[in-house]
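Visitor: Could you take me slowly through one part of this model, beginning with a single residue and working outward to what surrounds it? I would also like to know how far the prediction can be relied upon.

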Amino acid sequence: MDIKTIAVLIDTSPSRETRMDYATNLARRHGAHLIGIFLLPPDIGGGLAASHVRGQAAIANLLHHQQARKDDLIRDARDIFEKHTARQGVPCEFRVHDPRGEDERRISALHADLVVAAPPKDSWLDDGPPADVVQLATGVPFLLVPENWRNIEPPQRILIGWNASRESRRAIGDSLPLLALASSVTVLIVDPQASIPAGEEPGVEVAMFLLRHGVRLTVDPVQSHGRAIPEVILEYAASNAHDLIVLGAYSHARAREIVLGGVTRSLLAQSPIPLLISH
């Protein structure tokens with residue numbers, strides 16, 4: 001399946017322009033429509049101090065300043081998004097997501113083939129997801145670009161973490177358009193004796209599947225020798241200059257709660273390389 005719609009989640013951090021460039025280049029390469037979704041900060045209301053404001057005039061003044069700040073943030077995000085998309089000439093639209101309103105249901109139901117976003121903060125791993133990762137519960141694959149990542153070109157050297165699970169198979173399907181255009185793809189199998197059925201040659205079936213789709217790939221079964229799997233994956237990716245890691249993420253979502261497997265949690269917290277997370 002081709003990538004025809006990409007969403008990029010825009011926040012107020014300095015790294016947002018890198019993510020916009022990354023998403024815009026992806027959209028240009030795949031001929032996709034790009035949706036920019038600006039995530040209003042949850043503290044735009046003024047925080048705890050605002051709850052102590054008393055008097056009609058003071059409340060009216062507070063509301064005026066809140067609206068003015070909101071308008072300024074939206075205008076700034078829109079201007080930056082339109083500057084980046086105009087530079088590449090990609091079809092696009094701009095939306096605003098207010099975490100205080102009903103827009104969460106709208107963003108969760110977003111029909112996109114891929115979402116480009118920032119990785120979740122460490123606090124998310126314990127306290128539940130912020131607005132920019134709610135969609136992990138929707139089935140839309142996320143491409144998470146780390147804050148310090150500076151390569152804005154579409155991925156060329158892709159590493160797939162394969163363990164013959166349903167989630168890994170879903171990740172390969174979701175990433176096929178990226179894999180087909182990559183210059184090299186590696187299927188990494190850590191401790192194949194633990195994940196591949198006995199008697200089956202590690203990676204043969206998935207390799208044949210990808211080859212039939214025109215993907216240029218190698219399969220590399222490696223041993224962890226007791227090291228943590230995320231450590232093995234990240235070290236391998238860094239040593240071989242990979243610019244994207246694809247992996248399936250086990251997740252169970254209920255309301256605003258998302259529970260992820262240990263490998264996924266560790267990679268989300270540690271990876272300096274973009275991750276395509278599928279579930």
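Guide: Alanine 241 is exposed, with a relative accessible area of 52%, a value that falls just on the exposed side because the cut-off for that class is over 50%. The model is a predicted one, and in it alanine 241 sits in the loop between helix 9 and strand 9, the latter covering residues 244-248. Its phi is near 55°, which is a positive value in a residue other than glycine, and this residue with positive phi follows helix 9.

A second residue of this kind is found in the loop before the helix. Histidine 225 lies between strand 8 (217-222) and helix 9 (229-239), and its phi, too, is near 55° and therefore positive in a residue other than glycine; histidine 225 is exposed, with a relative accessible area of 71%.

Between these two loops runs helix 9 itself, in which Pro230, Val232, Ile233, Leu234, Tyr236 and Ala237 are buried. As background to that list, an α-helix has 3.6 residues a turn, so residues three or four places apart point the same way. Helix 8 (residues 204-212) lies across strand 6, strand 7 and strand 8, and runs at about 165° to strand 8. Helix 9 also packs on the sheet, where it touches strand 6, strand 7, strand 8 and strand 9, its direction making about 155° with that of strand 7.

The sheet that receives these helices is open and consists of 10 strands in the order 3-2-1-4-5-12-9-6-7-8, with mixed pairing. Strand 3 (92-97) and strand 8 stand at its edges with a single partner strand each, so that one side of each has no neighbour in the sheet. On average, neighbouring strands are turned by 20° against each other, direction ignored.

At the strand 8 edge, strand 7 and strand 8 pair in the parallel sense over 6 bridges, and valine 185 stands opposite leucine 217 in strand 8. Valine 185 belongs to strand 7 (residues 184-190) and is buried, with a relative accessible area of 1%. Its C-alpha atom is separated by 4.8 Å from that of isoleucine 158, although the two residues are 27 apart along the chain. Not counting residues up to four places away in sequence, valine 185 touches Ile158, Ile160, Leu179, Val215, Arg216, Leu217 and Thr218.

Several of these names return around leucine 210, whose contacts, leaving aside neighbours within four places in sequence, are Ile160, Ile172, Leu176, Leu179, Val187, Val215 and Leu217. Leucine 210 is also among the residues with the most contacts inside the largest nonpolar core, a group that comprises Val116, Leu143, Leu179, Leu210 and Ile245, in a core of 75 residues.

Serine 175, in helix 6 (residues 166-181), is likewise buried, with a relative accessible area of 1%, and its contacts, leaving aside neighbours within four places in sequence, are with Val246 and Leu276.

Elsewhere in the sheet, strand 4 (residues 114-117) is covered on both faces, with Leu114 and Val116 buried on one side and Val115 and Ala117 buried on the other. This can be read beside the general rule that in a regular strand the side chains alternate between the two faces of the sheet. Strand 4 runs parallel to strand 1 (residues 5-10), joined to it by 3 bridges, and parallel to strand 5 (residues 142-144), again through 3 bridges. Valine 115 has alanine 7 standing opposite, while its bridge partner in strand 5 is phenylalanine 142.

As for confidence, the chain averages a pLDDT of 83, and 78% of the residues score at least 70. Among the elements of the chain, strand 6 (residues 157-161) has the highest mean pLDDT, 97, and helix 5 (residues 124-127) the lowest, 45. The value stays under 50 over residues 122-132, for which the model has 22 contacts beyond four places in sequence, and also over residues 252-259, with 19 such contacts.

For the chain as a whole, the secondary structure comes to 10 helices and 12 strands, and 49% of the 279 residues count as buried. Of the contacts between residues at least 6 apart in sequence, 80% join residues at least 24 apart.

How values were computed: Residues are numbered from 1 along each chain as its sequence is written. Side-chain values use heavy atoms; hydrogens and water are left out. A nonpolar core is a set of buried Ala, Val, Leu, Ile, Met, Phe, Trp, Tyr and Cys residues joined through side-chain atoms within 4.5 Å. Buried means under 20% relative accessible area, exposed over 50%, partly exposed in between (1.4 Å probe, protein chains only). Contact means heavy atoms within 4.5 Å. Helices (H or I, at least four residues) and strands (E, at least two) are DSSP runs, numbered from the N terminus. pLDDT is the predictor's confidence in each residue, from 0 to 100. Two strands pair if DSSP finds at least two bridges between them. Axes are lines fitted to C-alpha atoms, for helices over the stretch in contact, and angles run from 0 to 180 degrees between N-to-C directions.
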